[in-house]
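Me: Could you help me learn to read a protein model, feature by feature? I would like the general idea and then the case at hand.

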Amino acid sequence: MGEVRAGGMIADVSADLNAGGPEITELVSRLRGGDIRALARAISIVEGGLPGASQLLQACRAHFENALRIGVTGPPGAGKSTLVDQMARRLREQGQTVAVLAVDPTSPYTGGALLGDRIRMQDLAGDAGVYVRSVASRGATGGITRTAGDVCALMEAAGRQTILIETVGVGQDEVDIVHLADVTVLVLVPGMGDEVQSLKAGVMEVADIFVINKSDTGGAERVEAEIVAMQGLVREEPGVWMPPVVRTVATTGEGVEALMESVRLCVVEKKRTGKRRVRRIESDGLRLDHLGVAVRSIAAARGFYEMLGLRVSHEEIVEHEKVRTAMLPLGDTRIELLEPTEEESTIGRFLVKRGEGLHHIALQVEGIDEMFDKLKAEGVRLASDAVRVGAGGHRYFFVHPASTGGVLLELVEGDA
């Protein structure tokens, strides 16, 4: 874990926004050593899509620390920023190094973040063990930004043990945070009226923990009753985490200790079962994971999908496949855009031969190694010589179209 240096956690990056400066290796070395300005500069490069961003991300992923990511989401005015401030304090008391990624509304004048979250977290400014970065939503409608996953990767490479991700105020269908966070905390407040009911079909279903904030104002009992009634409509499965309801008063810190204990228990339970409380239709342990689409340019192709309301949650270069990938969450599945980084690559040759279009279908399976051995023993023609590690760290292998009826099939392990 990198050393935490002094110098404040809300870094001034105004002088670091140009594309020049130290080489990538030097920047990563400084970032790994706990240099807050190096972390701030790295985030600016990635957020702005400046030259060297891809190389920087690739270098940082070699130092992946597997930090705990806690997503804090909810409607505007629920007190998310104040609650995140209190959560950061509790984590620091436990000796954890913390990063906060706060998504603010985009300024209509500068295009940047309005920085409301930083104003509420000024009391942490003297603690170098806490780093806060506000980013603008920039038109993203899922509650987080398109580069949020990459920013978290940089924070992890910098040695931050826990990352608190605060979404911009969200509504019914803005659930992108579930694809980024290990634990999703939904913050509600008394006085929402029928709003809890309207949220039921969307963000309520992805919450791991429900928080009723401002519970000292009265009406918390009704909100809790609404949540409990909603949970009663969901069939409880053995070994699947059932979200608890925690009451807090973020301005005083009341209930925050209970919230952090619920987060801890949720992490333990998810590690034990390997399950997420997401509704899905399954058939003998199989489900559709994603559709892989070969494109000449992700930058050009994503515009169409964004017009449909989809948003890229994660981009990554897979060096051994010589491909850049971009994931667009779509309900319980995803669309994966595949852009070759070299002409002499699988995707590059596919584009030359067939042009842009569907490249493969990916199914999620349990026991990837056993499945590989089974298919190989049965004489199924495989397009992979072994189980490999791909984008996002998932393990996979391909089955040749000759054995599947004409489509390249990717088998992916677990919750990729």
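Reply: We will go through a sheet, its hairpins, a pocket and the cysteines, keeping in mind that this is a predicted model.

Me: Let's start with the sheet. How many strands form the open sheet, and in what order?

Reply: Here is the general idea: strands of a sheet pair through backbone hydrogen bonds, either parallel or antiparallel. In this model eight strands make up an open sheet with mixed pairing, and the order is E9-E10-E11-E8-E12-E15-E14-E13. Its edge strands are E9 (314-318) and E13 (388-389), each of which pairs on one side only.

Me: Which residues stand opposite each other at the E13 edge?

Reply: Arg-388 faces Tyr-396 of E14. E13 and E14 are antiparallel, paired over two bridges.

Me: And at the other edge, how many bridges join E9 to E10?

Reply: Five bridges, and the two strands run antiparallel. Look for His-314 opposite Met-327 in E10. These strands form a hairpin with four residues between them, and Lys-322 in the turn has a positive phi of about 55 degrees.

Me: What does the hairpin of E10 and E11 look like?

Reply: It has two residues between the strands, and Gly-331 takes a positive phi near 65 degrees. E10 and E11 pair over eight bridges, again in the antiparallel sense; there you can find Ala-326 opposite Leu-337 in E11.

Me: Is E10 mostly covered or mostly open?

Reply: Mostly covered: six of the eight residues in E10 are buried.

Me: Now for empty space. What is the volume of the second largest pocket, and which residues are closest to its centre?

Reply: In general, rolling a probe the size of a water molecule over the atoms shows where empty space is left. Here the second largest pocket has a volume of about 730 Å³. It is lined by 30 residues, and those closest to its centre are Thr-346, Ile-347, His-359, Phe-398 and Leu-408. Elements giving two or more residues to this lining include strands E10 (323-330) and E11 (333-340) from the hairpin we just saw. Helix H11 (346-354) is also one of them, and H11 gives the most, with six residues.

Me: How does that lining divide by residue type?

Reply: There are 13 nonpolar, nine polar and eight charged residues in the lining of this pocket.

Me: Last one: how many disulfides does the structure hold?

Reply: Zero. A disulfide would need a pair of cysteine sulfur atoms within 2.5 Å. As for exposure, Cys-152 is buried, because its relative accessible area is 0%. Cys-266 is buried too, with a relative accessible area of 0%.

Terms used. Residues are numbered from 1 along each chain as its sequence is written. This is a predicted model: local features need pLDDT of at least 70, side-chain atom pairs count only at pLDDT 80 or more; totals for chains, interfaces and linings use all residues. Side-chain values use heavy atoms; hydrogens and water are left out. Buried means under 20% relative accessible area, exposed over 50%, partly exposed in between (1.4 Å probe, protein chains only). On a 1 Å grid over the protein atoms alone, a cavity is a set of points where a 1.4 Å probe fits but cannot get out, and a pocket is an open set with protein on both sides within 12 Å along at least five of seven lines; lining residues have an atom within 4 Å of a point. Grid points are joined across faces, edges and corners, and a volume is the space filled by probe spheres set on the points. Ala, Val, Leu, Ile, Met, Phe, Trp, Tyr, Cys and Pro count as nonpolar, Asp, Glu, Lys and Arg as charged, and the others, Gly among them, as polar. Two strands pair if DSSP finds at least two bridges between them.
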